[in-house]
Amino acid sequence: MQPPLEGCLIICFLFPCSITLQMRVILDYLSQCESITDDEIMELLNIKRTRAYIIARQMADMGLIDIAGRGKDKKIHPAQIIRHDTIT
């Protein structure tokens, strides 16, 4: 019999995988600017379009960023974090 997974789901949700150096660079950029595009990620990290897409998708899955739009109109913004202790 396997042990219950009560605490695991919260931990997996909060820390599904570690933040890479490339993700940290994007987050640092977003702390100074309100949004970034795939082209800007490609230039910032010196990577190709597919890799930029994959990193952005991973960050969105981790809850670090929000992606709005599609194609050339796509903008990436820092995730809006709602603190439960401030909700009345």
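Against which elements do the buried residues of α3 pack? Let me keep that question open for a moment, and say at the outset that what we have in front of us is a predicted model.

I will begin with α2, which runs over 21-32, and with its length. The helix has 12 residues, which at 1.5 Å a residue should span 16 Å, and since its end C-alpha atoms lie 17 Å apart, the two values agree.

Turning to the sides of α2, the buried residues there are Met23, Ile26, Leu27 and Leu30. Because these four cover an arc of only 100° around the axis, they sit on the same side of α2, whereas Leu21, Ser31 and Gln32, on the other side of the helix, are exposed. As for what the buried side meets, the buried residues of α2 pack against α3, against α4 (49-62), and against the two strands β1 (65-68) and β2 (75-78).

Between α2 and α3 there is a loop, and threonine 37 is found in it. Is this threonine 37 buried or exposed? Its relative accessibility is 17%, and because buried means under 20%, threonine 37 counts as buried. If we leave aside the neighbours within four places in sequence, threonine 37 is in contact with Lys74 and Lys75.

That brings us to α3, which covers 38-45, and to the question I opened with. The buried residues of this helix are Asp38, Ile41 and Leu45, and because they cover an arc of only 55° around the axis, they are placed on the same side of α3. The answer, then, is that the buried residues of α3 pack against α2, α4 and β2.

Let me look more carefully at one of these partners, α4. When two helices pack, they are described by the angle between their axes and the distance between the axes. Here the axes of α3 and α4 come within 9 Å and cross at roughly 105°, and since angles of 65 to 115 degrees count as roughly perpendicular, that is how α3 and α4 are arranged relative to each other. On the α3 side the contact is made by Asp38, Asp39, Ile41, Met42 and Leu45, and on the α4 side by Arg49, Ala52, Ile55 and Ala56. By character, the residues of this contact of α3 with α4 divide into six nonpolar, no polar and three charged.

Finally, a remark on what comes after the helix: α3 is followed by asparagine 46, whose phi is positive, near 55°.

Conventions
Residues numbered from 1 in each chain as written. Predicted model: local features only at pLDDT ≥ 70, side-chain atom pairs only at ≥ 80, totals over all residues. Heavy atoms only, no water. Buried < 20%, exposed > 50% of the residue type's maximum accessible area, 1.4 Å probe, protein only. Contact = heavy atoms within 4.5 Å. Expected span 1.5 Å × (residues − 1). Arc of directions from axis to C-beta. Axes fitted to C-alpha atoms, helices over the stretch in contact; angles between N-to-C directions. Parallel < 35°, antiparallel > 145°, perpendicular 65-115°, else oblique. Nonpolar A, V, L, I, M, F, W, Y, C, P; charged D, E, K, R; others polar.
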